[in-house]
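Work through the exercises below with the sequence and the 3D structure at hand. Each task is followed by a solution in steps.

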Amino acid sequence: MVHLILMRLIQTPLILVAIFMITFVCAWLIPGDPLERPEGQRPPIEIRVAMAKQYNLDSPGSFLTGYVHNLLTKFDLGPSLQYRDQRVNEIIASGLPVSALLGVAALLVALHIGLVAGVLGALRPGTILDLSSLGVAVVGVSLPTFVTGSILLVVFANLLQLAPVGGWGTARHLMLPSLALGLLPGAYIARLVRLGLADVMASDYIRTALAKGLSSRGVLFKHALKVAFLPVLSYLGPAAAFVVTGSFVVEMVFAIPGMGEHFVNAVLNKDQFLILGVVLVYSVLLVLFNLVVDVAYAWLDPRIELT
Amino acid sequence: MRWLLLAILVIDLVIVAWLFTGTQSQQEADFIFVCGTAHRRLDPQRMSWGIDLRIAECLFDPLTRIKLPEMVVEPAAAERWQVSEDGRTYTFYIRSNARWSNGDPVKASDFVYAWRRALMPDLVADYSQLLWVIDGAERFHIWRQRQLMEYAAGEPDPEIAKQFYHDALDKFDKWVAVRAQGDKTLVVKLVRPVHYFLQLCAFGTYMPVHQLTVESQTTIDRHSGRLVQDPSWTNPRKLVCNGPYVLSRRRFKRDLLMVANPHYWNRAAMGNQSILELIIQNPANALMLYEMGQVHWLPDIPSSGAIAADLLDQRREDVHIAAAAGTYFYNFNCKSTLLDGSDNPLADPRVRRALAMGIDRPSIVENITRLQQRPAKSFTPFGAIPGFDPPREAGVSFDPRRARSLLAEAGYDSIHGGKQLKGLSILYNTGSGHERIAQAIKRTWEHELGVIVKLEGQEVASFGERLKNHDFTIARAGWFGDYRDPTTFLDKFRTGNGNNDAAYSNLAFDRLMQDASSELHPIKRMAILRQAESLMLLEQPIAPIYQYVNFQMFKKDHVKNMFPNPWNYRRLELVEVNSVAGD
């Protein structure tokens, strides 16, 4: 276990450097000039030259050295070319906690829906309860997030006035967006749990336990669920990635000031500092999260050797 | 495990019950509106976007303001002014009771300082060119630019950087003709008479800033020798304002709260005491808030897209459409050869004019854009500039027969089996509804003129690149005026102008524009500009299509003193909101 963690901690910086270099090259090659507005007035060439120098944008080499130097000495991710009153650190500091909270809430919702639907499916297959929860899961997988989000908004915020119309600030603002975002991973988790349970429940040692007199519910909760949960655990890594990148749409629909928008708009605006900053932050988070998931996986199942 | 699951279910129910009950939040300000994008910057000298200027007008008080609905210049921070006989020297007298939000009096030197920082290339102000009407401004700007390049070529040395900066200040005092005479008198001398100068003084770049606080947050960067502004100077705690409001709270991409400035000289005339701006990018979300009465004004509903057109079709009383001071048009590449070296079929003005005649403008505004836009026959918008009547007789309307005969004259007669017009494509940026207009125009050209063009939709940044490099034959474009004078539209077509995407060059046009700039008599000057535009329109470097509209929503009975106008002038401090019980 310690060996695993150590290996990962050594690999992580290498992974991050590779991600950084690829992103840097791609961001540099994006067409367009972040210092101009494509429509309307273009600043005269002296001003454009001045801006390019100021931001180190005149040559990739100087940009790279300047950026890495700032990053390693001051943890400074640079200025934003699009929002010139802000620095990238500020933008991320204001957006990341919001998106992170939304992501955690969405994953909790997903686990809830998935576990409940999956367990119901195993315990009471074919009943109305099972079919309806499965129905919700299918809807979650089939409809895109902006559709589910908009429907939730119209029904609960506009018509029933039970939830605020988007925005952020209180726990109530978290309700609908986390539901919209968590529906799809929830559906996947439900399927994984159902299949996993169906698989496990048919194995020999479960039959032995049943023969020994344990109720099917007892067997489920004491033995089967732990095993069936393993695929869910390894799905949590990609689920986190989905929640983090899918938050762009939900944040747009619910007017949530998170970081998802920057992911997309920074590329469209060729805001190189913001692109690199956002990608770096997300990469660090995802790599660490995957490490945690792998460790938990090894811990739960002693048969696994991950090194 | 079973009890665990049960416990989880119970906790869930409790949470849901708690979340679903709860009071609606109180209205936080007198006047609430929605802004469609996050602000780029709140520094008045460095801003160029309309949404930023909207806030700057609330936080800072310029020398003059535009009175609504008459749209005439009225005194603001300056209580009166004198203009010399030759129209070149303006003397402004600043109000004795004009104060900053920290109690300091507003001084003429605050304006000099602000204009100086706009003129220095260090801070890279988008609109610093608006200040080049001041005598010596352009010379100073270019000189400082060269000075900085000289510094960058040598070894970085903070002492030298400081010395260079002080030299620059000396040069500014010597060359640039703006002086503070005492605390309350500001004298400006212009390069030539500029009839719209008082309008320019109302613009963001000309607004004052509190010299002491801004200067204390400016440093000289030892590597580049440039002034560097700490961007946090516009944070609510630090910002010192002389406008109707102070910045109470600003949350990036969330909201912006402004509260009445106790030291504002015209506090008594204000119609509201606080303004809350919510930043909501999804127009459907903004519309929902508006319908629920939580928001009073929607100025940023996008004109492209179905929402605006559908709302207009419903004939609602709270939808306000005003013809804007902007034109939607197509650029024609006027160079003799294209970027790849091949001959440019559009180099012949007859071909360009024929294509322009082949655009069915009324059909486009009726069926595609659907916001009652006016088809455009000129480039300067009709009815937007007082004293200027755009030469619409030089423009074209939909006339396929004449277009075909013009094409035949130019040697292309594909309908009768003659030479085909080849190699043309319409370049546009995707995602804002331009594709439908392009498709309609392509079809009309094919059916009526026998001209086949390709459609090239590109993402906006690569579109901008190609436009700049003249790597197109036909490209879609839009242009809005910055001040109420034809030059804000016509300067674009001067040879070598940075915004001359069509690469149009006509020395006679350049000469006329030059003559206009030295013409003292306003009526004669407008006549010369009219002649210039007429000349340009006849050569058809562009095909004007329609005049933009401003689309806003507010309920006239509740929201008073809101006057939609082509230039998007607003006086938010005078807006009164009467909330009706039960909203």
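**Exercise 1.** In which sense do β4(B) and β5 of chain B pair, and over how many bridges?

Solution. Step 1: find β4(B) and strand β5 (residues 89-94) of chain B, which pair in the antiparallel sense over five bridges. Helices (H or I, at least four residues) and strands (E, at least two) are DSSP runs, numbered from the N terminus, and two strands pair if DSSP finds at least two bridges between them. Step 2: pick out a residue pair; B:Gln82 is opposite B:Thr91 in β5(B). Step 3: place the pair in its sheet, an open one of four strands in the order β4-β5-β7-β6 (chain B) with antiparallel pairing. Step 4: look at the edges, where β4 (78-83) and β6 (178-181) of chain B each have a single partner strand, so one side of each lacks a neighbour in the sheet. Step 5: the average turn between neighbouring strands here is 20°, direction ignored.

The model is predicted: local features need pLDDT of at least 70 and side-chain atom pairs count only at pLDDT 80 or more, while totals for chains, interfaces and linings use all residues. Residues are numbered from 1 along each chain as its sequence is written, chains are lettered from A and ligands numbered from 1 in the order in which they are written, and side-chain values use heavy atoms, with hydrogens and water left out.

**Exercise 2.** Describe the five-stranded open sheet of chain B and the helix α13 that lies across its strands.

Solution. Step 1: the strand order is β15-β14-β16-β13-β17 (chain B), and the pairing is mixed. Step 2: β15 (454-458) and β17 (542-553) of chain B are the edge strands; each has a single partner, so one side of each is without a neighbour in the sheet. Step 3: β14 (residues 425-429) of chain B pairs with β15(B) in the parallel sense over five bridges, and B:Leu427 has B:Glu456 in β15(B) as its bridge partner. Step 4: helix α13 (residues 434-449) of chain B lies across β13 (319-332), β14, β15, β16 (474-480) and β17 of chain B, and runs at about 170° to β14(B). Axes are lines fitted to C-alpha atoms, for helices over the stretch in contact (heavy atoms within 4.5 Å); angles run from 0 to 180 degrees between N-to-C directions.

**Exercise 3.** Which parts of chain B does the salt bridge of B:Asp43 and B:Arg117 link?

Solution. Step 1: the closest N and O atoms of B:Asp43 and B:Arg117 are 2.9 Å apart; a salt bridge needs a side-chain nitrogen of Lys or Arg within 4 Å of a carboxyl oxygen of Asp or Glu. Step 2: B:Asp43 is in the loop between β1 (31-35) and α2 (50-59) of chain B, and B:Arg117 is in helix α3 (residues 108-119) of chain B, 74 residues apart. Step 3: over all chains, the count is 31 salt bridges.

**Exercise 4.** How many salt bridges join chain A and chain B?

Solution. Step 1: the contact takes 57 residues from chain A and 62 residues from chain B. Step 2: the count between the chains is one salt bridge, formed by B:Lys253 and A:Glu261 with closest N and O atoms 2.3 Å apart. Step 3: on the side of chain A that touches chain B, the largest share, seven residues, comes from α2(A).
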